[in-house]
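Here's a short tour for anyone meeting this structure for the first time. Have a look at it, then read on.

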Amino acid sequence: ESLQIQLVKLGDTFVLDDVPAYIAEPGITYQVQIQNIGWQDVKRSGGIAGTQGKALRIEALKINIGNNGEDQSNAVQYASQVQNIGWQAPVSNGQISGTVGQSLRLEALKINLTGRISQYFDINYASQVQNIGWQAPVSNGQISGTVGMSLRVEAVKLSLSPK
């Protein structure tokens, strides 16, 4: 299924790197809870979660990463800045970030990959923000959304890319 070739000097020993010869891109799924709507259907890499042109806030977010294989240390970790609360503690692997039933807007988010997967993939994400529109994508723990401006995040999209 795979082949790894390494050139070595005559007389030296062949050393198999710790880097896997083949790594499948893990799947990423995410879901948001939206004002007056509730939980939206699960979206996959590159899909838009949330609403556009409806002036509705995202209130909560769940993210999952798949294809962990045997390495259970692989995870996606994320944190939200929430209206009247500020930055929440990071959560991971399908846990809820944000609030449910409190009518509070999600204003910004940060997302990271953890474990071995973070050596091979970047997580990229962008937010559509009230009065701003789509922001440029950011990656690996950078802030998407706004801080200190009291603006709601209305939609998000996430994807993975090889390093």
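## Strands around β15

Let's start with one pair of residues: I123 sits across from L160 of β15. The strands behind that pair are β11 (residues 121-129) and β15, which run antiparallel and are joined by nine bridges. β15 itself covers residues 153-162, and it also pairs in the antiparallel sense with β4 (residues 49-50), this time over two bridges. In that pairing, G50 is opposite A155 of β15.

A word on terms: strands pair if DSSP finds at least two bridges between them. Strands are DSSP runs of E with at least two residues, and they are numbered from the N terminus.

## About the model

Keep in mind that this is a predicted model: local features need pLDDT of at least 70, side-chain atom pairs count only at pLDDT 80 or more, and totals for chains, interfaces and linings use all residues. Residues are numbered from 1 along each chain as its sequence is written, and side-chain values use heavy atoms, with hydrogens and water left out.

## Salt bridges

Side chains of opposite charge can pair when their charged atoms come close. There are four salt bridges here (a side-chain nitrogen of Lys or Arg within 4 Å of a carboxyl oxygen of Asp or Glu). One of them links R152 and E154, at 2.7 Å from N to O. R152 counts as buried because its relative accessibility is 17%, and E154 is buried too, at 7%. For reference, buried means under 20% relative accessible area, exposed means over 50%, and partly exposed is in between (1.4 Å probe, protein chains only).

R105 and E107 form another, with their closest N and O atoms 2.8 Å apart, and both of these residues are buried. R57 and E59 also meet in a salt bridge, at 2.8 Å from N to O.

## A closer look at E59

Where is E59 found? It belongs to strand β5 (residues 58-65). Its relative accessible area is 6%, so E59 is buried. Setting aside neighbours within four places in sequence, E59 is in contact (heavy atoms within 4.5 Å) with residues including Q33, Q35, S97 and L106.

## A nonpolar patch

Out on the surface, W39, I96 and V100 make a nonpolar patch of about 240 Å². I96 lies in the loop between β8 (91-92) and β9 (97-98), and I96 counts as partly exposed because its relative accessibility is 41%. Patches are made of residues with over 30% relative accessible area and no salt bridge; like charges are joined within 9 Å, and nonpolar side chains (Val, Leu, Ile, Met, Phe, Trp, Tyr) within 5 Å. Accessible areas come from the Shrake-Rupley method with a 1.4 Å probe, and for residues only the protein chains shown count as cover.

Note on methods:
Helices (H or I, at least four residues) and strands (E, at least two) are DSSP runs, numbered from the N terminus.
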